[in-house]
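Please open the structure in your viewer and keep a selection panel at hand. The tour below names what to select at each stop and then describes what is found there.

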Amino acid sequence: MCELYSKRDTLELRKKHIGPSCKVFFASDPIKIVRARRQYMFDENGEQYLDCINNVAHVGHCHPEVVKAALKQMELLNTNSRFLHDNIVEYAKRLSATLPEKLSVCYFTNSGAYHGHLSSLIEISPYKFQKGKDVKKEFVHVAPTPDTYRGKYREDHADPASAYADEVKKIIEDAHNSGRKIAAFIAESMQSCGGQIIPPAGYFQKVAKYVHGAGGVFIADEVQVGLGRVGKHFWSFQMDGEDFVPDIVTMGKPMGNGHPVACVVTTKEIAEAFSSSGMEYFNTYGGNPVSCAVGLAVLDIIENEDLQRNAMRVGNYLTELLKKQKAKHTLIGDIRGVGLFIGIDLVKDHLKRTPATAEAQHIIYKMKEKRVLLSADGPHRNVLKIKPPMCFTEEDAKFMVDQLDGVLTVLEEATGTKSESVTSENIPCKTKMLKEAHVELLRDSTTDSRENPSRKRNGMCADTHSLLSKRLKT
């Protein structure tokens, strides 16, 4: 592919014309990507990278059927949703068919960033306001993340789902005692940038009971984890059983396979209440014929290529491979995930579960050198995130794990951390980081030292779409 500029010139032009708050992946050594196909991306020199983190390219980069659908509709018409057109109603019908019956009314948008850049949305996103200069507003209540590995209630708790749900119940009671009412609870069905957190079974059911009892609505965010990624179900919230149905579901990103498509789906009752307020909803680009044609193509591909089953099959295979690595490498504290949504929690000490933040940064850069793209995130930036395109294969999984094994082996040897069988969480790691090696690790792997590490995003997670905590709004 012909480039307009050299990589150096592209960097200089970006610095000159693109706002400094717009970060690039791998800030100290960014990649220039010029094309992609399926689960692979290619730089300006033709080097191939295995993409393990692009959940937006849901059915694979530049899928020919998606491209064909967009081109075909663009040749005919693209306009706003105030004109009658079949695509928007067909897409709404098809989406609704994947959801519980009462979730049947769609509002289309052109962005999947629910916490966005509006102050009203930043205010309910700890992932946003905890990084900026803003403080938590008095009408926002942040519940503990239902993390059974690193959270308040862990895997040895008799009933972590109830324990975490009771924290929400207490927040509601405190709000009521302060003279406030509950408007809504919003949470990702599985937390992505929050550290690949899988809530304990039954947690959302119990929370919904408390929230509904207080007069609030339950909002499930599926922007990063929906459309079959978990394998067993089309939507992640469905893992909590048929008797759990959110009042509102937000979705986006993978819906358009890279094309800007997003949607809010709710009940007829809530939609009518919104309409009766006198407020009209209109989005210039939301629900346009081209976007809906693309969305329909994505649904067709998921079904025709059996990608939901592939997510379950390949995800299970990858998880088993990673569990074997956990038994071998002392840096791996936990492997968790469902389908093609997996997290590797890196620790310095298995007993204390001390986050291995610097090591995680080192690893993602070394994996990049091996032509594998990973990211590290979570509150401590120590969780390796795996959420590749749904066409990811067992061969890809084996290649990724082999490269990770090699990187971990070299790192553990360099830092004095011996790779050996790790059989119990209750046995503390006896080895220590060698200071000299650790200094070299930091020098070699991480980012520009001029940047504030407490404010900087890690090398590959430029997308800021997630919640670090569950939250309630009054």
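Select E320 to begin: with a relative accessibility of 44%, this residue counts as partly exposed, a class that lies between buried (under 20% relative accessible area) and exposed (over 50%), computed with a 1.4 Å probe on protein chains only. The model is a predicted one, in which local features need pLDDT of at least 70 and side-chain atom pairs count only at pLDDT 80 or more, while totals for chains, interfaces and linings use all residues. Residues are numbered from 1 along each chain as its sequence is written, and side-chain values use heavy atoms, with hydrogens and water left out.

**Salt bridges on and around α10**

Add K323 to the selection, which is also partly exposed, at 43% relative accessibility. E320 and K323 form a salt bridge whose closest N and O atoms are 3.9 Å apart, the term meaning a side-chain nitrogen of Lys or Arg within 4 Å of a carboxyl oxygen of Asp or Glu. The two residues are three apart in helix α10 (residues 307–328), and are therefore separated by about one helical turn. Helices (H or I, at least four residues) and strands (E, at least two) are DSSP runs, numbered from the N terminus.

Next select K328 and D405, which form a salt bridge with their closest N and O atoms 3.0 Å apart. Because K328 lies in helix α10 and D405 in helix α12 (residues 394–415), this pair ties together parts that are 77 residues apart in sequence. K328 is partly exposed at 34% relative accessibility, whereas D405 is buried, with a relative accessible area of 16%.

Move on to helix α11 (residues 357–369), where K366 and E369 are three residues apart, about one helical turn. Their salt bridge has its closest N and O atoms 3.6 Å apart; K366 is partly exposed with a relative accessible area of 22%, and E369 is partly exposed with 49%. The structure holds 24 salt bridges, and a further selection of R150, D334, R336 and D345 shows four residues that are linked in a network of such bridges.

**Helix α3 and what covers it**

Now select residues 86–97, which make up helix α3, a run of twelve residues that reaches 17 Å from its first C-alpha to its last, close to the 16 Å expected at 1.5 Å a residue; the expected span is 1.5 Å times one less than the number of residues. Which residues of α3 are buried? They are N87, Y91, A92, L95 and S96. Viewed down the axis of α3, these buried residues fall within an arc of 155°, so they line one face of the helix, the arc being that of the directions from the helix axis to the C-beta atoms. On the other side of α3, select D86, V89, K93 and A97, which are exposed.

To see what covers the buried residues of α3, show its surroundings, among them α2 (64–74), β4 (105–109), β8 (248–251), β9 (262–266) and α9 (289–304); contact here means heavy atoms within 4.5 Å.

**Strand β8 and its partners**

From that cover, select β8, both faces of which are covered: I248 and T250 on one side, and V249 and M251 on the other, are all buried. Strand β7 (residues 217–221) runs parallel to β8 and is joined to it by three bridges, with two strands said to pair if DSSP finds at least two bridges between them. D221 has T250 in β8 as its bridge partner. β8 also pairs with β9, in the antiparallel sense and over four bridges, and here V249 stands opposite V265 in β9.

**Cysteines**

Select C106 and C263 together: the sulfur of C106 is 4.2 Å from that of C263, the closest cysteine sulfur, which is too far for a bond. The structure holds zero disulfides, a disulfide being a pair of cysteine sulfur atoms within 2.5 Å. C106 is buried, with a relative accessible area of 18%, and C193, a further residue to select, is buried with 0%.

**The four-stranded sheet**

Finish with the open sheet formed by four strands in the order β1-β2-β3-β13, where the pairing is mixed. β1 (33–37) and β13 (372–373) stand at the edges, each with a single partner strand, so one side of each is left without a neighbour in the sheet. Strand β3 (residues 48–51) pairs with β13 in the parallel sense over two bridges, and selecting L50 leads to V372, its bridge partner in β13.
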